[in-house]
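Trainee: I am new to this structure and would like a close look at a single part of it. Please choose the part that holds the interior together in your account, and take me through it slowly, from the whole chain inwards.

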Amino acid sequence: MTRSHDELREALGAHALGQLDDPALQREVEDHLLTCAECRAELDEIAPLAAALRQVDADQVRPVGIAPPAELDDRIRRALPRRVSTVRRLAPAAGGVLAGAAAAAFVTVLVVQDDRPVGPTVIAVPEVESVRGVTATAGLVDHTWGLEVKLEATGLPAGETFEMWVVGNDGTAYDAGEFIGVKDKKIVCDMSSSVLFKDAERFKVVDAQGTEVIAADLPS
Ligand SMILES: [Zn+2]
């Protein structure tokens, strides 16, 4: 019965999930909660999250060998209510399996976010020309920051680098990024350029030698 506030606080995550296997520790946590307002506040904060984690189907939880990239974590944290900051403290305290469960909970929440009907309108490019052996289709998204070209292509030589340019009404070519050809597989690339849809006239994809392999006039 000599565990410190810090040690008992560490156990709050597992306690909230009903996963404290040690009855003595469980009792100590409960006793400590009666006298420690800080731990009670912490428990209140993590309780809703623990409830969400309990809904994660354990059979669906796969071991995750790597942590999610920091960038993804950032995006999730921006997209979600404040509570997510608590996940990061809860997961390590609750152990390895729950780190996996926490990752699954992240994904679940993300899917819910994606279900919102906020998808961009994709404008089809009616006619995409390509060199022999290459087939391609494209869609456009008119962003406030520029034009996005969603390109799907098959037949581009594997390992070669291709560059997309969007050509404006005034003849200026705007870099829309690079990608690499993949053998026998359809590639799907979202390319972005800093020219607005209303100012864009055509796009082209060139190989390392500068030869056009895919090109299309853009609908206006
Ligand atoms: Zn405490």
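Mentor: Two residues count as being in contact when their C-beta atoms, placed from the backbone, lie within 7 Å. With that in mind, and remembering that this is a predicted model, we can begin with the chain as a whole: among contacts between residues at least 6 apart in sequence, 55% join residues at least 24 apart. The protein chain contains seven helices and nine strands, and buried residues make up 22% of its 220 residues.

The part I would choose is the largest nonpolar core, which has 25 residues, and in which Ala138, Val149, Met164, Val166, Ala176 and Phe203 have the most contacts. Two or more residues each are given to this core by strand 3 (135-143), strand 4 (146-154), strand 5 (161-168), strand 6 (173-180), strand 8 (200-206) and strand 9 (212-217). The largest share, five residues, comes from strand 5. In soluble globular proteins, nonpolar side chains tend to be buried together.

Strand 5 therefore deserves a patient look, and we can place it within its sheet, since strands of a sheet pair through backbone hydrogen bonds, either parallel or antiparallel. Five strands form an open sheet in the order 2-9-8-5-6, with antiparallel pairing; its edges are strand 2 (129-130) and strand 6, each of which pairs on one side only. Six bridges join strand 5 to strand 8, and along this pairing Met164 stands opposite Val205, while Trp165 stands opposite Lys204. Six bridges also join strand 5 to strand 6, where Glu163 faces Glu178. The hairpin of strand 5 and strand 6 has four residues between the strands, and there Gly171 takes a positive phi near 90°.

To see how the core draws on separate stretches of the chain, follow Val149: leaving aside its neighbours within four places in sequence, Val149 is in contact with Ala138, Leu140, Met164, Val166, Ala176, Met191 and Phe203. Apart from this core lies another, of ten residues, among them Ala11, Leu12, Val29 and Leu53.

For a last point of comparison, turn to helix 4 (residues 37-54), where Leu49 is found. Leu49 is buried because 21 other C-beta atoms lie within 10 Å, the cut-off being 20 or more. The C-alpha atoms of Leu49 and Leu17 are separated by 9.2 Å, although these residues are 32 residues apart along the chain.

Terms used:
Residues numbered from 1 in each chain as written. Predicted model: local features only at pLDDT ≥ 70, side-chain atom pairs only at ≥ 80, totals over all residues. Core = buried A, V, L, I, M, F, W, Y, C linked by C-beta atoms within 7 Å. Buried ≥ 20, exposed ≤ 12 C-beta atoms within 10 Å, placed from the backbone. Pairing = 2+ DSSP bridges.
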